[in-house]
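Q: Please take a close look at one loop in this structure, together with the setting in which it sits. I would like a connected account that starts from the whole chain, goes through the loop residue by residue where possible, and then turns to other local features.

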Amino acid sequence: MSSKSSKPFRNPRAEHDYRGRPCSIVGMGAYVPERVLTNADLEKLVDTTDEWITTRTGIKERRLAAAGEFTSDIATRAAERALKNANVTPDQIDMIIVATITPDMLFPSTACLVQQKIGARRAAAFDIEAACSGFIYALEIGQQFIATRTYDTVLIIGAEKLSSIIDWTDRNTCVLFGDGAGAAVLQNRPNSHGLLTVCMGADGSKAELLSMPGGGSRCPATPQSVDARLHYLRMDGKETFKSAVNAMFQAGQEALRRCDVDISRIKCVIPHQANRRIIDAVGERLGVTPEQVFVNLDKYGNTSAASVAIALDEAVTSGRIQRGDLVLLVVFGAGLTWGAAVIEW
Ligand code: UT7
């Protein structure tokens, strides 16, 4: 990925110093379901051990949605918290973007269901799908609407009920993922948690590394497709691991370059929470100390599009990030997709 993949990060906006109206995160919120699934619980489901999961991934437990609790419900809980923290009412929202790979249904969008649940009647609403990079993609899309003065208030949400697409007989994947959501309210509000830059990238030539083959137009549900377990997430873990380290490192570097910030000035790096070994490798290559890196995957596992949003919310509420701190988010996911953002908190 090295030399080729540095190209997609080049951004005409950066070269022409065009920024538009500044955009800030004026409120964050997160929600994880109550039910906890521990590594010990998984030992009873598949041939695995707490020792293997802990040393290979860093995950100790994850949350699972209740029966009858869907992605739109999880997203709504996070959104309501973000709106409260932002001191914004639902009727002020101009647009809702939900990033998810586990929508309630293929259509209508989960964003429309959230719009109805929170009562944001004025808001346009749509989903985006960039897998684990979804929150950063949503951040960049939302920022553009603020920058161009098209909208004043955008609600972005990363939300997943991954437990609905996990093959609970596959030990390679079922130990890795969890359910949850994180949300942010975007506005132009001077002196408030400003976005310095966001960058995104993708490499469709590696689409097969991480996918759910069934359920789309290529392979609609049939008794045969269900028997072949095609409606579950599949991953080539080893190859995905290597791509993740490279892409997150390069995305982080590119974001820093664009806003001319040296890594030593970053108070907190918030990486996609997929695997502790990936996080450590990315941190090492970026040249940060382990103390600069925020990790909470031990509690929630990989929550895909929700991952960095939940982590950012937790870093802020726990006091790990203080006003004025520079924060670097770096993400990676199926597609392949990747991205990074620098925020002055
Ligand atoms: O969020 C999107 C991006 N996703 C990621 O970034 C995930 C990237 N990949 C990973 O995190 C890691 O590759 C895994 C955690 C998925 C796997 O770790 P690994 O060190 O790459 O292990 P492996 O796949 O090479 O498997 C090593 C061994 C295999 O056994 P053999 O063939 O050597 O006998 C697996 O069958 O570990 C076995 N194994 C397990 N053993 C106990 C795989 N899963 C388990 C398990 N418990 N749950």
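**A loop in its setting**

A: Among the contacts in the protein that join residues at least 6 apart in sequence, 78% link residues at least 24 apart; this figure, like every other one here, belongs to a predicted model. The secondary structure that these contacts bring together comprises 13 helices and 13 strands. The radius of gyration is 19 Å, close to the 20 Å that the globule rule gives for 345 residues, and the protein is therefore as compact as a globular protein of that length. Along its principal axes the C-alpha trace extends over about 55 × 45 × 40 Å, and 56% of the 345 residues count as buried. The accessible surface amounts to about 14,900 Å², with 51% of it belonging to carbon and sulfur atoms. As for charge, there are 38 positive and 39 negative side chains, and the centres of the two sets lie 3 Å apart.

The loop to examine is the one between β6 (154-160) and α8 (171-174), which holds D167. Although D167 carries one of the side chains counted as negative, it counts as buried, because its relative accessibility of 8% falls under the 20% cut-off. Two polar contacts of this side chain can be described. One is made with the side chain of T169, at 2.6 Å, and the other with the side chain of R229, at 3.0 Å. When neighbours within four places in sequence are left aside, D167 is in contact with T173, C174, R229 and Y232. R229 thus appears both in this set of contacts and as a polar partner of the D167 side chain, while T173 and C174 fall within the residue range of α8 (171-174), the helix that follows the loop.

A buried position in a strand can be set beside this loop residue. V26 is placed in strand β1 (residues 24-31), and at 6% relative accessibility V26 also counts as buried. Not counting residues up to four places away in sequence, V26 touches N85, A86, V185, Q187, R189 and S192. The C-alpha atoms of V26 and I136, which are 110 residues apart along the chain, are separated by 16 Å.

Other loops show backbone features that deserve a careful look. The peptide bond from F107 to P108 is cis, with omega near 0°, and P108 is found in the loop between β4 (95-99) and α6 (110-118). A second cis peptide bond joins G335 and L336, with omega at about -10°; L336 lies in the loop between β12 (326-333) and β13 (337-344).

Positive phi values are found at two residues that are not glycine. Phi of N87 is near 60°, and N87 is placed in the loop between α5 (71-86) and β4. S304 has a phi of about 50° and is found in the loop between α12 (297-300) and α13 (307-317). Their exposure can be contrasted directly: N87 counts as exposed at 69% relative accessibility, whereas S304, at 1%, counts as buried.

Notes
Residues numbered from 1 in each chain as written. Predicted model: local features only at pLDDT ≥ 70, side-chain atom pairs only at ≥ 80, totals over all residues. Heavy atoms only, no water. Helix = DSSP H or I, 4+ residues; strand = E, 2+ residues; numbered from the N terminus. Rg over C-alpha atoms; globule rule 2.2 N^0.38 Å. Buried < 20%, exposed > 50% of the residue type's maximum accessible area, 1.4 Å probe, protein only. Contact = heavy atoms within 4.5 Å. Areas by Shrake-Rupley, 256 points an atom, 1.4 Å probe, with all protein chains shown as cover. Charge placed at Lys NZ, Arg CZ, Asp CG, Glu CD. Polar contact = N/O pair within 3.5 Å; in protein donor to acceptor, adjacent residues only side chain to side chain.
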